[in-house]
Amino acid sequence: MVKTSTAIQINNLSFAYGAKQVLHDVSLEIPARQVTAFIGPSGCGKSTLLRCFNRINDRIPGAKLTAGSILVHDIDINRTDIDLQELRRRIGMVFQKYNPFAKSIYDNVAFSLRAAGRTKRSVLDGIVENALKNAALWDEVKSRLHASAFGLSGGQQQRLCIARAIANQPEILLMDEPCAALDPLATLKIEELLSELKKQYTIIIVTHNLAQATRCSDNTAFMYLGKVIEYGSTMQLFENPKEPQTEAYVTGKFG
Ligand SMILES: Nc1ncnc2c1ncn2[C@@H]1O[C@H](COP(=O)(O)OP(=O)(O)O)[C@@H](O)[C@H]1O
Ligand SMILES: [Mg+2]
């Protein structure tokens with residue numbers, strides 16, 4: 001793996017929903033400004049692990065870290081004095097089912113800024129334009145910024161959700177199967193976008209699409225039954241896996 005600075009350090013993490021332990025002793029270092037993919041069969045814990053990084057699992061009754069720690073840029077995010085709103089601003093999230101608000105394109109991107117009290121029109125205009133440009137959507141929507149977000153295609157709505165996350169100036173973007181509801185062309189657009197976005201952001205993408213992981217990630221973690229079986233550069237993990245389970249998975253023997 002090409003090492004840059006570490007964005008997220010996960011140490012011996014275990015996690016449970018009530019009595020059901022679903023992550024077991026996970027340790028990973030996620031490098032800054034690269035794309036890291038989590039792969040593995042359905043139910044292996046990819047989304048749970050991702051959702052630990054901005055603590056949105058906290059919203060699930062009974063969900064809890066049972067051991068270990070997560071450091072984001074050296075800060076333990078499970079400390080009791082962590083400001084969750086600030087944490088989630090720094091760590092944006094994009095979901096499988098694109099979920100713009102029932103608002104205009106402009107108002108979607110401006111939403112969290114207004115919520116944070118930034119209302120000056122000229123400032124908002126600049127941030128909205130920038131976020132839409134960074135999400136490779138500006139040219140397609142600049143003439144209809146005040147039209148409903150729901151008039152956009154699925155792929156455009158997903159890029160709008162990426163723009164909405166970017167407008168917050170996050171450091172890290174979490175993406176949970178962001179292309180699962182999109183057609184191949186819209187998927188390709190998002191994948192191209194990732195290689196641009198990683199210049200500025202640390203990206204972690206959950207995908208069940210192995211070809212997608214090989215196309216757009218620098219590093220891959222293969223998970224199975226709540227454990228990280230293997231973690232390394234994407235090229236090494238797919239072309240020369242060290243673990244027999246990884247090899248079986250990446251060659252399509254199970255999944
Ligand atoms: N809210 C929840 N309550 C209880 N169990 C859950 C919840 N969400 C996920 N699980 C369980 O945790 C395990 C890991 O799920 P998940 O992280 O969604 O896996 P993946 O994203 O790899 O498909 C699965 O056994 C799943 O059934
Ligand atoms: Mg999942």
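I will go through the shell around ligand 1, one loop residue and one helix pair. This is a predicted model, in which local features need pLDDT of at least 70 and side-chain atom pairs count only at pLDDT 80 or more, while totals for chains, interfaces and linings use all residues. Residues are numbered from 1 along each chain as its sequence is written, and chains are lettered from A and ligands numbered from 1 in the order in which they are written.

The ligand comes first. Around ligand 1 sit Tyr17, Lys20, Val22, Gly40, Ser42, Gly43, Cys44, Gly45, Lys46, Ser47, Thr48 and Ile60, each with a C-beta atom, placed from the backbone, within 6 Å of it. By class this shell has 4 nonpolar, 6 polar and 2 charged residues; Gly counts as polar. At least two residues each come from β2 (20-31) and α1 (46-52), and α1 gives the most, with 3. Helices (H or I, at least four residues) and strands (E, at least two) are DSSP runs, numbered from the N terminus.

Next, the loop between β1 (6-17) and β2, where Ala19 lies. Is Ala19 buried or exposed? Ala19 counts as exposed because it has 6 C-beta neighbours inside 10 Å; the cut-off for exposed is 12 or fewer.

Last, the helices. Helix α3 (residues 105-115) packs on helix α4 (residues 121-134) at about 115 degrees, with the axes 10 Å apart. Axes are lines fitted to C-alpha atoms over the stretch in contact, and angles run from 0 to 180 degrees between N-to-C directions. Tyr106, Val109, Ala110 and Leu113 of α3 meet Leu124, Ile127, Val128, Ala131 and Leu132 of α4, contact being C-beta atoms, placed from the backbone, within 7 Å. That contact has 9 nonpolar, no polar and no charged residues.

Definitions and conventions. A residue is buried if 20 or more other C-beta atoms lie within 10 Å of its own, exposed if 12 or fewer, and partly exposed in between; C-beta atoms are placed from the backbone. Two residues are in contact if their C-beta atoms, placed from the backbone, lie within 7 Å.
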